Structure formats: structure tokens, C-alpha cells
Amino acid sequence: MGAYFLGVDTGATKSEALIADDTGRIVGYGRSGPGNWESVGWQGARAVLDEIINEAAKEAGIDVSRIGASGLGLAGYDWPEDHEPHETILREIGLKGPLYLVNDALLGLFAAAPAGWGVVISAGTSCNCYGRDRAGRTGRMTGSSYFGEYAGAGELVHYALKAVARAWSLRGPRTALTGAFVRAAGAEDVDDLLAGLMRGRYAIDASHAALVFETAAAGDSVAAQAVDWAGRELGEMALGVIRQLGLAGENFDIVLSGSFFEGSPKLQTAIAEVVSAGAPAARFVRLAAPPVAGGVLLAMASVQEVTSQMQQGVAAAAAKIRRR
């Protein structure tokens, strides 16, 4: 009877579970909606975890209790006090084996960095940055825009909207972002847009980040500045983690994880300009696999050696099964 390994990735928009056997073959998959306890509450988080884990186990043809080890990347898992409630939920669901709980941002590092250590910048609706050194020590951000860590899609759009308001009040230069947002909202003009946003008639959110990227690519200098700002903010986060772990003189991978990086190559350019000043030997790797593959690999690495071929196989299989 072979071992089974569970990987879980919960996020602000979707959550996934993946089960592999001890050869790295994917045998079960489950998917549901948001699983960040800070957004959906503890009951909501439990419901999502129960759904995706049992869905994956059913497809694998096993009982949840047969899972040998689990690697879970959990959105909202930011502080030691978050461990106990998550573990309680997972034990109630029926997981018996060891649980390896990390922030969801770290999964991209396990999925893409062959050495299993380095730095990962995760950027989607919002952003985060984590890292591990050779000894397994972790470096991190707080994970909260409240403390000035913001450069995901939502924050980019907010930055762009502030530029529109500055142009309207003549505090800043004109920008094609004004017309782009007016059209996107269905507003009559910029006055109607700004009033409607303040009073809830219109909604411009993270899903409109593509407008900022498109406007920048069309040559608008204000939109280009917004994209550069986001990249430099992400680069500063990476530098902070690099300093925490003493990686400045090392050769290591910086994994770029998340849909935000699909928006513009200028993001990586801006990140690299910042990082190169403090860690010139760092290499950038774009995560191609679903981060949930990193959870499976984290679980597997706890009991057996994970070869580069196995890592690549799990990552490729996870990408394929998600497209079903």
C-alpha cells in the first residue's frame, strides 16, 4: 500500500487540493471558491477545506485518513496564532498524518525553485513575499497592505485611480487612464465617474488592472509610471526578505508567482532593477505550475527525497489537470 500526499492552496478567489502517490502521479483534484479565513470566516474556511480535500480524496478513491502527509498553503496564515484553528479544522476533516502549514505565497517556491529555497513574490489581487534559506529559515512580509505592503492588481488600480483624480484636480498630468476608466465604468464623463465611485454607483476594482497595463503599453506615461511603481514595490519586498535571510551574496531563484505578472514584462524589469542593487546574482523564474503543486512537493519532501524530475512531473501534471 503506497503513500499518498496532499497539497492544498487556499486563496482570496479560489482554493485547490491535489493528491499524489509516492511516485508523484496525480490521483485526485478538488477545487472551490475563496478559502481565506480573514475573508470568509472560520466556518467558511472549514467548509471550503472540507469540500476540496474530500473531492480530491473521492477522485483518488481513498479515504482522507489514508493521506500520509499534507502540505498546505493557506491565505491568511500569517502569524503563529493562526496555526491552532487551522490544525483543528484539518483534524476534524479527518487528516491523520503530519501537517505542514505555510502561507500560500510560499507554495510557489516549492513548485518552481529546484533547490527548494530562495524567494517568492506572489502577486494577484494583492501581493506577498516570502523566502527560505538553505537551513529552512523563513523570511517574510507582514502580509498586510495596512503596513504599506501593496502592489497587486487591486493596489495598481487604486494607484491609477488616484492619478485620474490628480489629473482632474490639476495636481497631476493628464492621462489616458481617465477615458479608459470612464468607458469601463459606463460613466458619462470623469465628473460622473469620480462622483459615482465615491457614492457607490460605479465599481472599479482589481479586475480592471488590465486597463492600466494596456494604457501603459499604448504609451501613456502616467500608466507606465503606475506599472513601474508596482514593480519597484514588489522589488523592495523581495529585498527585505533577502536581507532577513542573508541571501545578498548567494546564487538563488526569485520565483514570480501569480496572475499579476501576466500583465506586463515591465513588472519584472522594475523588480530586477531594485533587486540587482542588493542581490546581483539572483535569478528570476516565472512560476508556470499551479501553486498547489508546491503543497504536494512540500508534503512529499517531509518523508522522501524529491528529485528534480519528480518536481517537474508533479508541476506539469498539476497544470494539466487544472485545465480539464
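Trainee: What makes the pair Glu273 and Arg232 a salt bridge?

Mentor: A salt bridge requires a side-chain nitrogen of Lys or Arg within 4 Å of a carboxyl oxygen of Asp or Glu. The side chains of Glu273 and Arg232 meet at 3.5 Å, N to O, and therefore satisfy this rule. Glu273 belongs to helix H9 (residues 266–276) and Arg232 to helix H8, 41 residues apart; helices are DSSP runs of H or I with at least four residues, and strands are runs of E with at least two, numbered from the N terminus. This is a predicted model, in which local features need pLDDT of at least 70 and side-chain atom pairs count only at pLDDT 80 or more, while totals for chains, interfaces and linings use all residues. Residues are numbered from 1 along each chain as its sequence is written, and side-chain values use heavy atoms, without hydrogens and water.

Trainee: Why is Asp253 called buried?

Mentor: Buried means under 20% relative accessible area, exposed over 50%, and partly exposed in between (1.4 Å probe, protein chains only). Asp253 has 9% relative accessibility, so Asp253 counts as buried. Its salt-bridge partner is Arg283, at 3.0 Å, N to O. Arg283, at 39%, is partly exposed.

Trainee: How do you know that Arg134 is exposed?

Mentor: The relative accessible area of Arg134 is 61%, so Arg134 counts as exposed. Arg134 forms a salt bridge with Glu250 (3.3 Å, N to O). Glu250, at 25% relative accessibility, is partly exposed.

Trainee: How many salt bridges does the rule give?

Mentor: The count comes to ten salt bridges.
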